[in-house]
Each structure stands twice: as structure tokens, then as C-alpha cells.
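I opened this model to look up a few side-chain and strand contacts. My notes are below, in the order I took them.

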Amino acid sequence: SRWCLITSHKLYSSVYDPNEKTFEKLLIANRGEIACRVIKTCKKMGIKTVAIHSDVDANAVHVKMADESVCVGPAPTSKSYLNMDAIMEVIRKTRAQAVSLNVSICCSFFSSLSLQASEGVTFIGPDTHAIQAMGDKIESKLLAKNAKVNTIPGFDGVVKDADEAVRIAREIGYPVMIKASAGGGGKGMRIAWDDEETREGFRFSSQEAASSFGDDRLLIEKFIDNPRHIEIQVLADKHGNALWLNERECSIQRRNQKVVEEAPSTFLDPETRRAMGEQAVALAKAVKYSSAGTVEFLVDSSKNFYFLEMNTRLQVEHPVTECITGLDLVQEMIRVAKGYPLRHKQADIPINGWAVECRVYAEDPYKSFGLPSIGKLSQYQEPLHVPSVRVDSGIQQGSDISIYYDPMISKLITYGSNRAEALKRMEEALDNYVIRGVAHNISLLREVIVHPRFVQGDISTKFLPEVYPDGFKGHKLTDLERRELLATAASLYVAEQLRSQRFLGTPRIPIAKSKRSSWELSVRLGDGIYPVAVSKDGSSFSVEVDGMKLNVTSEWNLASPLLSVTIDGTQRTIQRISRNASGETSIQFLGTVYKLQILTKVAAELSKYMPEKAVEDTSSILRSPMPGTVVAVSVKPGDMVSEGQEICVIEAMKMQNSMIAAKTGKV
């Protein structure tokens, strides 16, 4: 039920042939949504699955979905999901015939040493030499040059220290990109615009690279300012056949990590698409690649494109490609690993419709476009009732979002016959997505997909800082939207007051029948206080705000986390996040959560006598804006520090963040 459908077009048109034998049992050495994704296809192909997990993931969704599961260690990935000795023992114990490992940094070690020692075990992915070549950014760039693939100007060797980094950066010319040689996912990457930033970038990038990949080697290349990030999905077999499955637009990013992806791109014309696809296939053939992989490019405003890197795994954003081509990429990877040739020719690969993917994270988007949030999902409801929606997730209600793993909640994908249709469905899906217990980035995602620049296709990797130069502040209400929110909140308040007077549909005190049909309220929203008059007319409310009357209609199912409201003919889906006895309530409206206080006119007049709580003075406190691990402390008690000086370094989800002093003073 999680695969999206439209009228009669199923987004998975792949045929699962029961007579085509592959593997009897497959071990999935991963967690979360990608492990669940692999299990789904294995079930359709009749393959039994084995899940591994850390001790904190014992009740995870992928563990429940698999036919077998084995604990491989404690929470840290280095001691569990990347513990090759423990994983090899599970393979022997369960007699798995194949293994799917999506953590590319360990693929080389795993496939070349471990799998060769286990007779009859097949790796679902490319061969060892291809993983090694493409996993090293320095070697992959040299191979790309030899394969006549366009590359970014830069230093092709390993940078030894910060002084050499500064010298190389000056030779290339600022700005430069400092990157982990074995990196990916935005980790170990820094942009430097001068010598000081180069030294700082070298330090943080090498530390992040060592922490995330066990390899602190760095390279430096010219930073292409204001580019698009467009990638080509490739698929190759062991018989010399290779295809490009069109492109994915991945330019909406924060901290070099993708947030919104779509396929196809609004920017590419058929000639550029073909040229990029042919170069991607040329690179795949040059390294004898055999599986699904992704060749990433930076594309400038003149449609010049440059090789960035090749990811030798199934990418997070692969669903949008599956939606427009009808291929199941996991099935194709399993078939290729078994030795079957590709079933399709390049001319068979279509672009059917448009697909958009939003990465839903447990993050606070109001802090640097998304700092990690942890907690338990107290309420969770995916918008699967919305047409043409697919949700790839590895969590459920009650799941914990911890500091040990990526904070992704799910990948939300919508499909349409064209881009406008896909975006409209995404807007509806985001409004209908219920997530409680952790902060999330729904508000940011919704603002991005409805922004005029995004709708027009005018985007680049600098979209977020350009559109929100002072940081993301949530949706800015127009006067009409403000009146709609005030009218909805007031109607919700009155509906609740009326419900509280009844018990199982009957008045609590039948002899004291209330004939009240109008209410005078005072609603606080932000810095404004607005008088609101509400009158009841059947199941509707007539609400007067700013001298204008609005008609608000709903079924008023106050027990539901979602409430469909019609305001003067305009349908809105809202969520009431919280409320308390003092009239304070939080309502999610147009994706953003607004805090309001609703009082009767009398209560509002008396509220001015209530003492206000003093605001805490935090100017002398350094408080981490996110949960994480303190990996370095740069000062000691008694030290004098100046404003902007580094105090400590916090690592969260494998990203390092420098915490600085807000003012001059003594520690």
C-alpha cells in the first residue's frame, strides 16, 4: 500500500518472474528506510531476508519486517552496522547467499576480504575495483579525466597539512571546496573563501572524515559558485551493458546535504541530458561497473557540466527515478548480482510524468535550516490516503530518534503527469503528515515547494541562503491567511466549548439547556491581539475578524490529529499540536506551527493583572543548540575569551559544529 498509484498507472511496472531464480536468502547490512526498501522487493521476489541491528534498534521496523534478525553490537555504527567481523559471523550463522550493504565506505573492505572468504556469498553491488576507484575522490577524478568526462579544475593529489592547503587554494584561486577523499553525504566538506577559512576547513574536514569514514585524506578543487547539482542514475550488468536512467535534480541543499529532489530536471534540454548520460555511462564502463550507481555533476548557468563524484550504492533519492521509469532498482541490482543481463535497451527508458521527493528529517529548520532533534515519536501518521503518494520510512509510532544515527524520518514522494501536479500533491501530503514528539522540517519543505522561484525552476545549490538570508522563519502570513488562521482558531475554540457541554451526545444537565449562539473572543497571534466575534449557524461558524466576516465549516472531529476546514470556499488541512487551560494553543497551518492564545473578552481584560514570567538571561551561557557529543574543548576555567572565539566542538550525526562565545568574558 505504500507504493503510489495513479488511475491505472502503477509506478512499479517491473514484472517479478517466479521462474527467474536469484537467491534464497539475503542479508541486509543496513538499517532504517533503505533496509525496509530492500526487504519489500525481496518479499516480492520470494527471497528470505536477514536483518542485523544494534541493541538500541532491537524493535526497529526493518527488524520486524525481516524473516530473521541478529544483534551485532551496541549503538555506535562502528561497533554494530560497520562491525565487519560480527556481520561475517551472522552470514555464516544464517547461511545467507547474498548480502546488501549500502554503506559505501565499507563496501571495498567487505567485498574484497570478507565475501571472498565466504564461499558462495554474493555482494549486491558493483565489483571491488569499481568501489575502490569511485570511493576515492582523487582516483575517481583521474579516471573520469581518462574517460573524457568533464571535471572540475583542482589539485589531484592528497593535501598533507593546513599550510599546503592554503598554498594549493591560492594557486587554484578562491573560493575552493575542501573535500574528504573517501567522503559522501555532505560530510567532510567545507567551502573556503580565504586563507583563514582554508585552515579552519582543513581541520574540521579532516576530523569529520576520520570520524565518518576512517580516512582523513582531503583534496581541494575549485568551487563552482551558484551551480545546480544534477545527477545521472546508471545501471550496468556483468556483460558490458550499461544504461543511463535519466537525471535527478538535487540542488535544494543545506550543509551540502540534499533536501528536495525531483526527476526530471526543469533545466536540462534533451541534448544536455544525452551528453551527461553518455559521459556517465562512459565512466561506468571505464571501471567495469556492474550494478546501480549514480554519477553526480555540477551544472553552471550555461549548462556546462562537471563531474563531482560517483556513488556506488543505491541513493536516498532513487524513488523519483523509479517513479518516472517504472523500474525497481533494487530488483535490477539483485538480478545483476546473480549474473543476469539487463532486460532493457537505452531506447526503452522513458520519462513518464514527474516525481518529487522531500526528505523529512527530525530537525529544527529554524536553526541553520535544520539542526538534529531527538525524542520518541509519540504520534505518527503517514499521508498515504493522499493520491499518488509513496512514503519510504523505517520508523513507526513509538520509534526513538537518537543521536547515533541519521535523523531522517522518511522520504516523501509524490507523482503527477506533470510537475505542477506532482508539487500540488506534495503540498497536500505535507499538510496531511502527522509527526509528534520531535521537531521536524515539514514547514521548511512546504515553503520550498510553493516558493515562486522553485515553482519556476529558478534554483541552485544556494537557494536556501539566497531565499532566506537571515535564516528560515516559517511561513509569513498574508492578511487574508492571518484572518483565516484567526477564524479557524476561534471556531475550533468554540467547537471545543460546545463539546465540553455534552456527554455522549447529550447535554450534561438537560434542564439547564444553553441557547448561547455567539461569542466575543480575544485572540493573541505573535505581537498582535485581535477581537474576534463568532456566531454559530448549524455546523458552520460565522466569524468576524478585522471587520470582515468569514464562514468556517468542518466536521469538527476534535479527536482527529487532522482537521479539514473550509474557509469561504477554500479548503485547508490543519493540525492542532497542543493546547492548555490558559487558552494557549499551537496550530499547524500552511505547514508552519503558530502559537495563539484564545480568551473570552472578560478573561482577556483580566489577564493584564497576571504577572509575566521573567525571561532567562542566557548571554553568559553557552548552550548547545542540538544534542550531540563534545569532541573538543578549547578553553579552561579562568580563561579570558573574546566574542566569536571557539569554546568547544559538538559532533551530531557525524557533523562537527564549532560553538563560539557570544560575548567577551571569563570562563
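These entries cover the aromatic rings, the charges over rings, and then the strands.

**Entry 1: status of the model.** I note at the start that this is a predicted model.

**Entry 2: aromatic pairs.** I asked how many aromatic pairs the structure holds. The count came to nine. One of them joins Phe-297 and Phe-305, with ring centres 5.4 Å apart and 90° between the planes. I logged that pair as edge-to-face.

**Entry 3: the two Phe residues.** I then checked whether Phe-297 is buried or exposed. Phe-297 has a relative accessible area of 0%, and is buried. For Phe-305 the relative accessibility is 8%. Phe-305 also counts as buried, because the cut-off for buried is under 20%.

**Entry 4: an aromatic cluster.** I looked up which residues share a cluster with Tyr-366. Phe-369, Tyr-468 and Phe-472 form one aromatic cluster with Tyr-366.

**Entry 5: charges over rings.** I searched for arginines placed over tyrosine rings and wrote down two. Arg-31 has its charged end over the ring of Tyr-405, at 4.0 Å from the ring centre. Arg-254 lies over the face of Tyr-361, and here the distance to the ring centre is 4.9 Å.

**Entry 6: strand S38.** I turned to S38, which spans residues 646-652. How many of its residues are buried? I found seven of seven, so I put S38 down as mostly covered, buried being under 20% relative accessible area.

**Entry 7: partners of S38.** I followed S38 to strand S36 (residues 629-633) and found four bridges, with the two strands antiparallel. Within this pairing, Val-630 has Ile-650 of S38 as its bridge partner. I also followed S38 to strand S39 (residues 655-660), where six bridges join the two and the run is again antiparallel. There, Glu-651 is bridged to Gln-656 in S39.

**Entry 8: the barrel.** I asked in what order the strands of the barrel come. Eight strands close into it, in the order S28-S29-S30-S31-S32-S33-S34-S35, and their pairing is antiparallel. From one strand to the next, the twist averages 35°.

**Entry 9: S28 and S35.** Last, I looked at how strand S28 (residues 518-525) meets strand S35 (residues 592-600). Five bridges join S28 and S35, which run antiparallel. As one position to find on screen, I noted Val-523, which stands opposite Ile-598 in S35.

Conventions: Residues numbered from 1 in each chain as written. Predicted model: local features only at pLDDT ≥ 70, side-chain atom pairs only at ≥ 80, totals over all residues. Heavy atoms only, no water. Phe/Tyr/Trp six-rings, centres within 6.5 Å; stacked < 30°, edge-to-face > 60°. Buried < 20%, exposed > 50% of the residue type's maximum accessible area, 1.4 Å probe, protein only. Lys NZ or Arg CZ within 6 Å of the ring centre and 35° of its normal. Pairing = 2+ DSSP bridges. Axes fitted to C-alpha atoms, helices over the stretch in contact; angles between N-to-C directions.
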